[in-house]
Amino acid sequence: MSKVAIIMSTYNGHEYIKEQIASILSQAYTDFTLFIRDDGSTDDTVLILQTLSITDSRIKLIIDEPGHPNNNLGFGESFSSAMQYAMSIGAFDYYAFCDQDDYWDENKIKRAVNSLDTCDQSLPTLYACNYYICDSKLTIISQGTSGSPMENVTFENMFFEGVFPGFTIVINRTLAMIAFSKVDSAQIYYHDKWVSLITLGLDGKIIYDHTPLAKYRRHESVASSTGKGAFAKLKWRIDKVLNGDFCPRTRQMLHCYKDAFYRKMNYDIRDFLDVFTGTNRIKKLFFNKRLRRSISGEILLRFIILLGKI
């Protein structure tokens, strides 16, 4: 039976963490370990985790220094630290990404394992499932996607827009080793995008399950645009780009990807990486391939490039 490591980083998640973990412990597939690193919560999240870990030996809390609370590393480094810890202590076949405030269908891990077990494990392989967008009480609002999320996706536009939300992703050990042990991934904030780009760029395999197997909780503290209306999503994106960390994190990921994988890429991808890790704004602005799938997204991104943000 394949062994699964579920990776979670928590921060002030006391409101929903019990419900999320309950859905994980109720999985039909039982051969898993849930690794949780708290990123310096100031509420009672750690106390909740400690209590739950006593009730089920599959829950493993990652402690930086015994007797002291974990340092606040930020989500990217905290998640990467949890991932590397899990990889170092056990021979797991698959690694599932997990948020602290969603809810998993009981067959989520089972379907992922059944799909991944049929694949060539020497190739970097990523499984992702569909999901429901819900309100804070998990009342279903809509379905994540009705078609194929990979439609019209290219390596270039995947760099600038997310395709698979992290909580839907399960990856094999080959991909995990490439993404989290052979490069400095501590500062890679968008781990879902990172593993997707590696899989696509290295000609790995992407499996998409159209069955919704998770409930994505949409509430005020969720820091993404998933589930927002068109106008609200555009407003969120503009604010995130001009005042947030999207641009510096994207620039950082471009450089990290080029440093790690440039020689393994085809010439088209090398050209893209050369342009967008360079300083020539005109070359970026008039790059001859689409950088976003939607027209509005393309216009916004080209405007961001014009401003010199990327």
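**Cysteines, salt bridges and one helix**

The structure holds zero disulfides, and I should say at the outset that this is a predicted model. Let me begin with two of the cysteines. Cys 98 has its closest cysteine sulfur in Cys 129, and at 11 Å that sulfur is too far away for a bond. Cys 247 is likewise in no disulfide, since the nearest cysteine sulfur, that of Cys 256, is 18 Å away. Cys 98 is buried at a relative accessible area of 3%, and Cys 247 is buried at 2%.

Cys 247 and Cys 256 both appear among the buried residues of helix α9, which also include Phe 246, Met 253, Leu 254 and Phe 261. The 16 residues of α9, running from 246 to 261, should span 22 Å at 1.5 Å a residue, and the end C-alpha atoms are indeed 22 Å apart.

Turning to charged pairs, a search of the whole structure finds 13 salt bridges. In one of them Glu 19 pairs with Arg 217, with the closest N and O atoms 2.9 Å apart; because Glu 19 lies in helix α1 and Arg 217 in strand β9, this pair ties together parts that are 198 residues apart in sequence. Glu 19 is partly exposed at 35% relative accessibility, whereas Arg 217 is buried at 1%.

Strand β9 also contributes Asp 209, which is tied to Arg 111 of helix α4 across 98 residues of sequence, with an N to O distance of 2.8 Å in the salt bridge. Here Arg 111 is partly exposed at 34%, and Asp 209 is buried at 8%.

Notes
Residues are numbered from 1 along each chain as its sequence is written. This is a predicted model: local features need pLDDT of at least 70, side-chain atom pairs count only at pLDDT 80 or more; totals for chains, interfaces and linings use all residues. Side-chain values use heavy atoms; hydrogens and water are left out. Helices (H or I, at least four residues) and strands (E, at least two) are DSSP runs, numbered from the N terminus. The expected span of a helix is 1.5 Å times one less than its number of residues. Buried means under 20% relative accessible area, exposed over 50%, partly exposed in between (1.4 Å probe, protein chains only). A disulfide is a pair of cysteine sulfur atoms within 2.5 Å. A salt bridge is a side-chain nitrogen of Lys or Arg within 4 Å of a carboxyl oxygen of Asp or Glu.
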